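Thanks for sharing this one. Here are a few friendly notes, mostly on rings and strands, to read with the structure open beside you.

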Amino acid sequence: MNKTQFRIIVLILLMVISACEPKKAKVPTEKDMAAYLMVYFKDDTHSLYFALSNDGYIFTDVNNGKPVIAGDTIAEQKGIRDPYIMRGPDGMFYMAMTDLHVFGQEVGHRATEWEREGYGWGNNRGIVLMKSPDLIHWSHHVLRVDKAFPELADIGCSWAPEMIYDESRQKIMLYFTMRFGNGRNKVYYTYMNEDFTQIETMPEPIFEYPEGKTYIDADITKVEKKYHMFYVAHDGTPGIKQAISDSLTGPYVYNPEWIDPEPGSCEAPTIFKRIGENKWVLVYDIYSLEQHNFGFSETSDFENFTHLGHFNTGVMKATNFSVPKHPAVIQITKEEAERIALNWELNCLK
């Protein structure tokens with residue numbers, strides 16, 4: 001075999017190896033999006049639900065108001081709350097949920113009202129983490145926050161986890177409401193490991209509310225070069241406020257203005273963008289209503305908000321479900337929406 005023949009054989013082998021290597025999936029951008037997926041939970045089941053919409057106004061539960069994943073199959077406390085979903089830069093879907101069943105004693109999951117006595121309402125120590133390539137098949141892991149670092153052994157809660165990709169650190173940032181013992185609630189942030197199973201950094205407070213008052217349920221959205229954090233201030237009647245920063249991890253500038261128009265208490269703010277429009281929708285959970293419902297406000301500048309009413313009292317509609325709690329919404333492609341609809345034999349997108 002001469003040198004030329006050897007080079008040709010090597011070149012062919014390299015081409016074969018290259019062809020056999022798995023190709024990195026293209027991560028869709030907004031121009032590829034065609035529908036919306038809402039995740040939420042319900043108090044009566046403490047389980048996970050999906051709802052689809054092809055226009056961002058009318059949402060239909062994919063399983064006709066039944067859970068898509070039962071809380072007692074994935075959580076240590078046999079129930080989940082506060083689901084959040086995001087699409088990662090790797091094309092995978094990530095979810096995080098509070099590992100907590102507030103009625104655990106009533107339904108026979110534990111002998112006491114709460115997991116631990118002396119740690120206050122709804123005390124818990126875990127966050128349920130889930131990961132999927134297709135929104136159908138999910139792996140899951142329970143992150144015990146109290147075991148991540150010795151300094152966290154005495155935490156009183158780890159609620160309402162959310163995620164955002166930190167472009168500067170090229171890691172998923174997890175942030176959630178936490179308190180020590182039965183102390184003051186506030187939001188802390190940390191960074192996830194590559195496997196999305198553990199936190200790598202000691203959680204740090206992301207914001208301090210004036211006068212040391214409690215705040216919970218943060219939601220961060222990047223718009224151009226600004227980070228908009230909506231959160232629930234427990235400063236009188238609990239409601240939604242906004243703080244803005246030039247950096248993901250702060251400092252966030254306090255603004256005393258209330259964003260939601262509700263006369264009663266609300267929580268769980270989350271933002272989604274309308275596909276192809278310069279409009280964002282703020283969704284929040286009005287738990288002060290006898291029948292829990294979501295409220296909606298729309299903005300183009302994050303300064304002026306137009307109230308859109310509640311589900312089924314304005315332009316926003318829920319076709320086959322009621323009393324939802326703590327939502328999150330992402331944009332998805334037509335193929336992804338059809339895959340979900342097919343999996344649960346749903347015809348809402350036809």
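1. A word on Trp 159 to begin with, bearing in mind that this is a predicted model. The relative accessibility of Trp 159 is 11%, so this residue counts as buried, the cut-off being under 20%.

2. What does Trp 159 pair with? Its partner is Trp 121, and the two make an edge-to-face aromatic pair, with 5.9 Å centre to centre and 80 degrees between the planes. Do look at where the two residues come from: Trp 159 belongs to strand 8 (residues 155-166), while Trp 121 sits in the loop between strand 5 (93-99) and strand 6 (126-132). The pair thus links distant parts of the chain, 38 residues apart.

3. Another pair to look at is Phe 230 with Phe 302. Why is this pair described as tilted? The ring planes are at 40 degrees, with the centres 6.1 Å apart, so the pair is tilted; planes under 30 degrees apart would count as stacked and over 60 as edge-to-face. Phe 230 lies in strand 13 (residues 226-233) and Phe 302 in the loop between strand 17 (293-299) and strand 18 (305-310), so parts 72 residues apart in sequence are tied together here.

4. Are these two phenylalanines buried or exposed? Phe 230 has 0% relative accessibility and counts as buried. Phe 302 is buried as well, at a relative accessible area of 5%.

5. Stepping back, a search of the whole structure turns up 21 aromatic pairs. There is also an aromatic cluster, made up of Tyr 40, Tyr 49, Phe 59, Phe 294, Phe 296, Phe 311 and Phe 321.

6. Charged side chains meet rings too. Arg 169 lies over the face of Tyr 191, 4.0 Å from the ring centre. In the case of Lys 273, the charged end sits over the ring of Trp 280, at 5.5 Å from its centre.

7. Strand 13, home of Phe 230, is also worth following into its sheet. Three strands make up this open sheet, in the order 12-13-14, with antiparallel pairing. Which strands stand at the edges? They are strand 12 (215-223) and strand 14 (239-245); each has a single partner strand, so one side of each is left without a neighbour in the sheet. From one strand to the next, the twist averages 25 degrees.

8. Last, the pairing in detail. Strand 12 and strand 13 run antiparallel and are joined by seven bridges. As a place to look, Tyr 215 has Ala 233 in strand 13 as its bridge partner.

Terms used. Residues numbered from 1 in each chain as written. Predicted model: local features only at pLDDT ≥ 70, side-chain atom pairs only at ≥ 80, totals over all residues. Heavy atoms only, no water. Phe/Tyr/Trp six-rings, centres within 6.5 Å; stacked < 30°, edge-to-face > 60°. Helix = DSSP H or I, 4+ residues; strand = E, 2+ residues; numbered from the N terminus. Buried < 20%, exposed > 50% of the residue type's maximum accessible area, 1.4 Å probe, protein only. Lys NZ or Arg CZ within 6 Å of the ring centre and 35° of its normal. Pairing = 2+ DSSP bridges. Axes fitted to C-alpha atoms, helices over the stretch in contact; angles between N-to-C directions.
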